[in-house]
Amino acid sequence: MSYDTSRNWFYKIVGDIIHIYERMSSAKINPDTTGKMVNLDDSSVIYPSEDIPNGLRIEYTGLKDANGLGVFVNADPSSLSTDTDEDTWVNQILSNVTSPSESTHINLNSTLSLAVVDYVKAKSFERAGEIDRKEYYMREFYKKLSDNESNNRNVSMSMPVGIFSVR
Amino acid sequence: MTILEIMERANTRDTKLVIAWIKDAFNAIQSTQRAGGKARIKKANIQKGVREYNLPNDLISIKSVSILDTDDDNKYKKIRRIIDDPIVTEDTNP
């Protein structure tokens with residue numbers, strides 16, 4: 001029975017292989033150099049010590065998302081298919097497009113779509129030999145990736161102020 | 001946003017080339033963990049005494065690795081990554 005797995009298990013990436021290790025801890029009571037009996041932590045690293053069905057879970061980004069959708073989809077993922085009122089709305093039902101055309105949508109939200117525009121501009125300038133403009137648009141690309149993440153995480157923090165704190 | 005809208009904004013006309021660049025951009029976005037919000041999840045059986053497990057071939061960037069805690073109501077708990085090879089006391093595979 002696996003227990004406390006967040007503390008006792010570790011992983012390492014070696015190429016396209018993941019190595020899994022388990023820490024086996026056992027306390028032993030042994031005499032120290034003065035003859036006093038002390039608890040010694042006898043932890044050791046071993047291979048997985050048991051079979052665990054579906055025991056390993058890997059969360060990763062790939063060329064497809066959690067719904068199996070790739071780069072190109074049939075509808076705009078940033079829009080609703082039904083938007084009647086506050087409590088009547090339905091998201092788009094997206095499906096993969098394997099042979100994209102000019103009318104195909106990309107499977108990204110609005111901010112990331114604008115980032116892709118910057119990426120295409122950067123590559124276009126690179127192709128034309130204008131490296132300084134390419135660098136500018138690549139910076140814009142990564143800036144929009146950051147903007148996208150910051151918009152998703154609005155966190156407010158409040159800290160108590162001590163009674164005798166002087167500011 | 002459609003491919004045509006991207007082409008108009010970027011002032012390009014070569015559709016096939018733009019599609020290739022969009023794929024590259026998607027790859028770059030997914031490899032940036034902070035922007036890659038659309039993660040996939042795959043599971044594998046852990047076998048006693050087996051250290052090595054295959055990663056999914058379509059993997060671009062790992063967000064987390066978890067192990068099932070059967071002692072705590074079958075919850076997946078994230079585990080830590082190590083860089084160096086640990087000294088394994090029961091090493092069966094050099």
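These legends go with a set of close-up views of a predicted model of chains A and B.

**View 1. The two chains, with the predictor's own scores.** The model is a prediction, and the predictor assigns the complex an ipTM of 0.83 along with a pTM of 0.74. For chain B, pLDDT averages 85, with 88% of the residues at 70 or above.

**View 2. Chain A, with its run of strands between helices.** Chain A is built from three helices and 10 strands. Going along the sequence, the order is α-β-β-β-β-β-β-β-β-β-β-α-α. Chain A has 167 residues, and 26% of them count as buried. If you take the contacts in chain A between residues at least 6 apart in sequence, 38% of these join residues at least 24 apart.

**View 3. Chain B, with its helices ahead of its strands.** Here we have two helices and five strands, arranged as α-α-β-β-β-β-β along the sequence. Chain B runs to 94 residues, with 26% of them buried. For contacts in chain B with a separation of 6 or more, 28% come from residues 24 or more positions apart.

**View 4. The side of chain A that touches chain B.** The contact draws on 58 residues from chain A and 67 residues from chain B. On the chain A side, the elements giving two or more residues include helix 1 (5-8), strand 1 (9-14) and strand 2 (17-24). Strand 5 (44-46), strand 6 (52-62) and strand 10 (105-106) of chain A are on that list too, as are helix 2 (110-127) and helix 3 (131-152). Strand 6 of chain A gives the most, with 11 residues. Sorted by residue type, the side of chain A that touches chain B has 29 nonpolar, 16 polar and 13 charged residues.

**View 5. Strand 6 of chain A beside strand 1 of chain B.** Strand 6 of chain A pairs with strand 1 (residues 40-46) of chain B in the antiparallel sense, over six bridges. Two pairs to look for: A:I52 stands opposite B:I46, and A:R57 stands opposite B:K43. As a general reminder for reading this view, side chains in a regular strand alternate between the two faces of the sheet.

**View 6. Strand 6 of chain A beside strand 3 of chain B.** Strand 6 of chain A also pairs with strand 3 (residues 59-69) of chain B, antiparallel and over seven bridges. A:G62 stands opposite B:L59. Further pairing shows up at A:L56, whose bridge partner in strand 3 of chain B is B:I67.

**View 7. The hairpin of strands 3 and 4 in chain B.** Within chain B, strand 3 pairs with strand 4 in the antiparallel sense over four bridges. One of the partnerships is B:L68 with B:Y76, the latter in strand 4. Five residues lie between the strands of this hairpin, where B:D73 takes a positive phi near 60°.

**View 8. B:K78 and its surroundings.** B:K78 is found in strand 4 (residues 75-78) of chain B. Is B:K78 exposed, partly exposed or buried? B:K78 counts as partly exposed because 15 C-beta neighbours fall inside 10 Å, and a residue needs 20 or more to be buried, while 12 or fewer would make it exposed. Leaving out residues up to four places away in sequence, B:K78 touches A:S6 from the other chain, plus B:S64, B:V65 and B:S66. If you want to get a feel for the extent of chain B, try B:R13: it is 65 residues from B:K78 in sequence and 46 Å away in space, C-alpha to C-alpha.

**View 9. Helix 2 of chain A.** This helix has 18 residues and reaches 26 Å from its first C-alpha to its last, close to the 26 Å expected at 1.5 Å a residue. Plenty of names to label here: the buried residues of helix 2 include A:L112, A:S113, A:A115, A:V116 and A:V117. Also buried are A:D118, A:Y119, A:V120, A:K121, A:A122, A:K123 and A:S124, so charged types such as lysine and aspartate are among them. Just after helix 2 of chain A comes A:G129, with a positive phi of about 85°.

Conventions:
Residues are numbered from 1 along each chain as its sequence is written. Chains are lettered from A and ligands numbered from 1 in the order in which they are written. This is a predicted model: local features need pLDDT of at least 70, side-chain atom pairs count only at pLDDT 80 or more; totals for chains, interfaces and linings use all residues. Two residues are in contact if their C-beta atoms, placed from the backbone, lie within 7 Å. Two strands pair if DSSP finds at least two bridges between them. The expected span of a helix is 1.5 Å times one less than its number of residues. pLDDT is the predictor's confidence in each residue, from 0 to 100.
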